[in-house]
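Me: Hi! I'm new to this one and would love a quick tour. Can you look at it with me?

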Amino acid sequence: MTVVEIRAPGPFATVQDLGRPGYAHLGVPRSGAADRGALRLANRLVGNAEGLACIETTLGGLRLRAVDEVLVAVSGAVADVARNGIPYGRNAAMPLSAGDELSIGATTSGLRNYVAIRGGIDIEPVLGSRSTDTLAKLGPPALTAGTRLPIGAHDNSWPAIGAAPVDDHLPDVVVLDATDGPRTDRIENLADLFTTTWVVNTDSNRVGVRLDCRDSASVRTRADVGELASEGIAHGSIQLPPSGQPVIFLADHPVTGGYPVVAVLSARSLDRAGQLAPGNVVRLRRG
């Protein structure tokens with residue numbers, strides 16, 4: 001069996017695929033990659049089906065050793081990628097011989113990288129997915145130094161593409177497109193959500209991106225409405241707690257909540273939200 005070994009996981013690294021849909025009625029969120037587009041691209045570059053399990057890293061720092069010969073690709077956040085210390089680049093298929101080491105430096109734009117390995121990570125699935133769910137505690141534990149990951153079999157065909165130049169730099173102000181949510185009647189002025197400049201809070205994680213007001217304004221809930229009962233929350237929902245500081249729910253979000261959902265991100269903007277790091281400046285654009 002082909003194997004790769006984690007030499008260093010960086011600040012936080014997990015196994016992720018496209019998640020486990022269809023279990024929300026049982027209290028199990030979908031989970032999966034925070035940036036699904038980046039995971040799909042990495043898989044395509046090594047000839048995998050788009051949904052196979054990859055490694056998701058946070059803020060770089062990953063070091064991985066090939067125990068056997070493998071083909072890998074790194075997508076996502078902007079970071080230096082090297083093979084045996086020699087720069088190689090992102091968004092390109094990289095062959096590793098037995099004993100070779102892949103390393104990802106600290107991210108300089110964006111937050112998460114995806115490392116696809118030809119054949120996919122072949123650990124035991126839980127409810128049809130190999131994803132680590134940090135909230136529900138499903139799937140494999142976070143990766144640690146010394147973890148060995150088995151790699152699945154693949155056919156002998158070569159990937160259709162070996163490189164895909166992508167500009168993954170986040171702009172100084174990240175614009176996220178959103179449509180109105182189901183509970184806009186519970187806030188005083190919905191326009192405030194789209195005219196305020198927000199900053200990503202340090203408490204953000206795979207559950208959600210917390211936004212703080214860069215200006216003095218905030219979005220206020222109405223005082224003349226009663227308490228809202230808990231209800232289902234879609235991936236990409238923007239929920240407004242009493243503080244007036246919105247939360248964008250990401251892959252490991254809960255399945256219910258008691259605060260109003262005032263907007264929902266588009267699929268493309270949801271991937272971009274998965275790359276937001278603390279301190280990034282955000283504007284929401286009403287679609």
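Me: Let's start with helix 1: how many of its residues are buried?
Reply: Happy to help! One thing to know early is that this is a predicted model. Helix 1 is mostly covered, with 7 of its 10 residues buried.

Me: Which residues of helix 1 are the buried ones?
Reply: They are Arg 36, Ala 38, Leu 39, Leu 41, Ala 42, Asn 43 and Leu 45.

Me: And what do those buried residues pack against?
Reply: Their partners are strand 2, strand 3 (54-58), strand 5, strand 10 and helix 3 (267-273).

Me: What caps the N-terminal end of helix 1?
Reply: That's Asp 35, which places a side-chain oxygen 3.3 Å from the backbone nitrogen of Gly 37. Past the helix comes Gly 47, and its phi is positive, near 85°.

Me: Back to Asn 43 for a second. Why does Asn 43 count as buried?
Reply: Because its relative accessible area is 0%, and buried means under 20%. Asn 43 sits in helix 1. Apart from its neighbours within four places in sequence, Asn 43 is in contact with Asn 48, Ala 49, Glu 50, Gly 51, Leu 52, Cys 54 and Ala 116.

Me: Glu 50 is on that list. Which residue does Glu 50 meet in a salt bridge?
Reply: Arg 40, with N to O at 3.5 Å. Arg 40 is in helix 1 and Glu 50 is in the loop between helix 1 and strand 3, 10 residues apart.

Me: Are those two buried, exposed or partly exposed?
Reply: Arg 40 is partly exposed, at 29% relative accessible area. Glu 50 is partly exposed too, at 33%.

Me: New topic: which domains does the protein have?
Reply: The domain assignment gives domain 1 (3-150) and domain 2 (173-286). Their centres, taken over C-alpha atoms, are separated by 28 Å.

Me: How many residues are in contact between domain 1 and domain 2?
Reply: On the domain 1 side there are 25 residues, in contact with 16 residues of domain 2. The area buried between the two domains is about 1,400 Å², and carbon and sulfur atoms give 48% of it.

Me: Which residues of domain 1 lose the most area to domain 2?
Reply: Ala 34, Arg 112 and Leu 135, which together make up 32% of what that side buries.

Me: How many residue pairs are in polar contact across that interface?
Reply: There are 14 such pairs. On the side of domain 1 that touches domain 2, strand 2 (12-16), helix 1 (36-45), strand 5 (70-78) and strand 10 (109-117) each supply at least two residues. Strand 10 gives the most, with 4 residues. By type, the residues of that side divide into 10 nonpolar, 9 polar and 6 charged.

Me: How many salt bridges are there between the domains?
Reply: Just 1 salt bridge is counted between domain 1 and domain 2. In the salt bridge of Glu 56 and Arg 206, the side chains meet at 2.9 Å, N to O.

Me: Are Glu 56 and Arg 206 buried or exposed?
Reply: Both are buried. Arg 206 has a relative accessible area of 4%.

Me: What else does Arg 206 pair with?
Reply: Arg 206 also forms a salt bridge with Asp 252, and the closest N and O atoms are 2.9 Å apart. Arg 206 is in the loop between strand 13 and strand 14, while Asp 252 is in the loop between strand 17 (247-249) and strand 18 (256-257), so this pair ties together parts 46 residues apart in sequence. Asp 252 is buried, with a relative accessible area of 0%. Salt bridges with shared partners join Glu 56, Arg 112, Arg 206 and Asp 252 into one network.

Me: Last one: where does Val 174 lie?
Reply: Val 174 is in strand 12 (residues 173-180). It is buried, with a relative accessible area of 1%. Leaving aside neighbours within four places in sequence, Val 174 is in contact with Arg 272, Leu 276, Val 281, Val 282 and Arg 283. The C-alpha atoms of Val 174 and Ser 269 are separated by 9.5 Å, though the two residues are 95 residues apart along the chain.

Notes:
Residues numbered from 1 in each chain as written. Predicted model: local features only at pLDDT ≥ 70, side-chain atom pairs only at ≥ 80, totals over all residues. Heavy atoms only, no water. Domains from an automatic or database assignment. Contact = heavy atoms within 4.5 Å. Buried area = accessible area lost by both parts, 1.4 Å probe. Salt bridge = Lys/Arg side-chain N within 4 Å of Asp/Glu carboxyl O. Polar contact = N/O pair within 3.5 Å; in protein donor to acceptor, adjacent residues only side chain to side chain. Nonpolar A, V, L, I, M, F, W, Y, C, P; charged D, E, K, R; others polar. Buried < 20%, exposed > 50% of the residue type's maximum accessible area, 1.4 Å probe, protein only.
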